Amino acid sequence: MNAPVLVINCGSSSIKYALIDSDPNAPRLAGLAERLGSADACLKGKNSAGERFDQPLPNAHHTQVLNAILERLEGRIPAAIGHRIVHGGEQFTQAALIDESVVSAIQSTAALVPLHNPANLAGIAATQKVFPELPQVAVFDTAFHQSLPPTAYRYALPESLYAQHGIRRYGFHGTSHAFVSQRAATLSERGAGGWLTAHLGNGCSTCAIWNNQSKDTSMGLTPLEGLVMGTRSGDVDPGLHAHLHRQLGWSLEQIDDVLNKQSGLLGLSGLTNDMREVEEAAENGHEGALLALNVFCYRIAKSLAALSCALPRLDGVIFTGGIGENSPTVRRQVIGLLPHFGFALNEESNAAMIRGKEGKLDSENHAGPEVWVIPTDEEGRIAMETRQCVEAQA
């Protein structure tokens, strides 16, 4: 399949897209539509010449935006469409060609990610209207983590909650963890082996990967479990919900809103969910920002140390995502909290590794576990899995 794949990442009020050739080095047509359904809705992106555009689309919804995206493809018709789907439950261990049964399965997990799967389904419905003749493939964030053993994915809850209701740890950011770990296996002399990956952005998760298979990860039933994130709390005492209800009279909806939208870096700093702004404020002595930075890094290091238990051997750690790729401060602080692992960070290399650069951050002749920065390419991974799925069905 030599024709390009159109990758769609559909949110409730946004659509991110990329037209990706079979040649990974070919220029991409890519863009982002934001604020769908509002008077300020717009489509921004770049063409094949690298020139940027900004197209107002007042009050446009998913189908209208996808028609606008079609016009931006410069006459190139994709061979297939790959959709990022956040939650696939236990049904999917790999990408799947979309039919009625796949749509039904995605709907069945919507309650676990109410902000994500319904929006993903809206994207599927809209693209089927615009591209009715093209094969469409669902690529699941959770699929990569279906290799977790029961010791990693089971909660210590009554068996019936798992058997009848699927209450277990699923993990997310699978396309990112898969991409960077396989890239490390290519770049490093250590090969596949044992890698700890840290996807750090507005959403954050860590993963333990052995021979290209996920063995444990920080996120769980939903994307709320685990690390401190932009606005998400990450791990809290499970008794917090009952405490807030009894003491403050908060409803479950209020508690869920606070933990998902008002916590994390934003809650700790009292300022922002943007790590760049947090770091700047911390440097200027803002106590809340400094606390947010310190808690953020400590929780990452704590998670990486715990996940190392899943690996027979530790070959290195990989930083990725917007923060992981662009914050020397976060990388330095996290590695500094893990002195007993034998990492040796080269400060000059660390400071230079920003803005999409890829490379190893170790001191010269270091023999211990390696430290890498590898920019993630979730769209590229989705396109690859989409091609593989369509070709397997041919």
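Select Phe-341 first in this predicted model: with a relative accessible area of 18%, Phe-341 falls under the 20% limit and is therefore buried. Add Phe-343, which counts as buried too, at 13% relative accessibility.

**Aromatic rings**

Before turning to the individual rings, it helps to know that a pair of aromatic rings is described by the distance of the centres and the angle of the planes. How many aromatic pairs does the structure hold? There are three of them. One is formed by Phe-92 and Phe-140, whose rings are stacked, with 4.2 Å from centre to centre and 10° between the planes. Colouring the chain by position will show that this pair links distant parts of the chain, since Phe-92 belongs to the loop between strand E6 (80-85) and strand E7 (96-97), while Phe-140 belongs to strand E8 (residues 136-140), 48 residues apart. Both Phe-92 and Phe-140 are buried. Now return to Phe-341 and Phe-343, whose ring centres are 6.0 Å apart and whose planes stand at 0°, so this pair is stacked.

Two other rings are worth selecting together with a charged partner. Show Phe-53 with Arg-72, and you will find the charged end of Arg-72 over the ring, 3.9 Å from its centre. Then show Tyr-170 with Arg-168, where the charged end of Arg-168 sits over the ring of Tyr-170, 4.8 Å from the ring centre.

**The six-stranded sheet**

Next, select the strands of the open sheet, six in number, which follow the order E11-E10-E9-E12-E14-E13 and have mixed pairing. Which strands are at the edges? They are E11 and strand E13 (359-360), each of which pairs on one side only.

Select strand E9 (residues 194-200) within this sheet: seven of its seven residues are buried, so E9 is largely enclosed by the rest of the structure. With side chains displayed, Gly-194, Leu-196, Ala-198 and Leu-200 point one way from E9, whereas Trp-195, Thr-197 and His-199 point the other way. Strand E10 (residues 204-210) pairs with E9 in the antiparallel sense over seven bridges, and the two strands form a hairpin with three residues between them. To see one position of this pairing, pick Trp-195, which stands opposite Ile-209 in E10. With strand E12 (residues 316-320), E9 pairs in the parallel sense over five bridges, and there Leu-196 has Val-317 as its bridge partner.

Moving from E10 to E11, you will find four bridges joining these antiparallel strands, and Ala-208 standing opposite Asp-216 in E11. Helix H13 packs on the sheet, where it touches E9, E12 and E14, and its direction makes about 155° with that of E12.

Stay with E11 (residues 213-217) and select Lys-215, which lies in this strand. Is Lys-215 buried or partly exposed? Lys-215 is partly exposed, with a relative accessible area of 22%. Leaving out residues up to four places away in sequence, Lys-215 touches several residues, including Ser-147, Pro-149, Trp-210 and Ala-310. If you draw a distance from Lys-215 to Gln-254, the two are 34 Å apart in space from C-alpha to C-alpha, and 39 residues apart in sequence.

**The nonpolar cores**

Now display the largest nonpolar core, which has 43 residues, and in which Leu-200, Phe-296, Phe-319, Val-330 and Val-334 have the most contacts. Among the elements that each supply at least two residues of this core are E9, E10, E12 and helix H10 (275-283). Helix H11 gives the most, with nine residues. Select Leu-200 to look at its surroundings: not counting neighbours within four places in sequence, Leu-200 is in contact with residues that include Leu-227, Ile-300, Phe-319 and Val-330. Another core, of 23 residues, lies apart from the largest one, and Leu-6, Tyr-17, Ala-33 and Ile-69 are among its members.

**Two backbone stops**

The last two selections concern the backbone, and here it is useful to recall that most residues other than glycine have a negative phi. His-173, placed in the loop between helix H5 (159-165) and helix H6 (174-187), has a positive phi near 55°. His-173 is buried, with a relative accessible area of 9%. Arg-355 likewise has a positive phi, of about 55°, although it is not a glycine, and its place is in the loop between helix H14 (347-352) and E13. Arg-355 is exposed, however, with a relative accessible area of 72%.

Note on methods. Residues numbered from 1 in each chain as written. Predicted model: local features only at pLDDT ≥ 70, side-chain atom pairs only at ≥ 80, totals over all residues. Heavy atoms only, no water. Buried < 20%, exposed > 50% of the residue type's maximum accessible area, 1.4 Å probe, protein only. Pairing = 2+ DSSP bridges. Phe/Tyr/Trp six-rings, centres within 6.5 Å; stacked < 30°, edge-to-face > 60°. Lys NZ or Arg CZ within 6 Å of the ring centre and 35° of its normal. Core = buried A, V, L, I, M, F, W, Y, C linked by side-chain atoms within 4.5 Å. Contact = heavy atoms within 4.5 Å. Axes fitted to C-alpha atoms, helices over the stretch in contact; angles between N-to-C directions.
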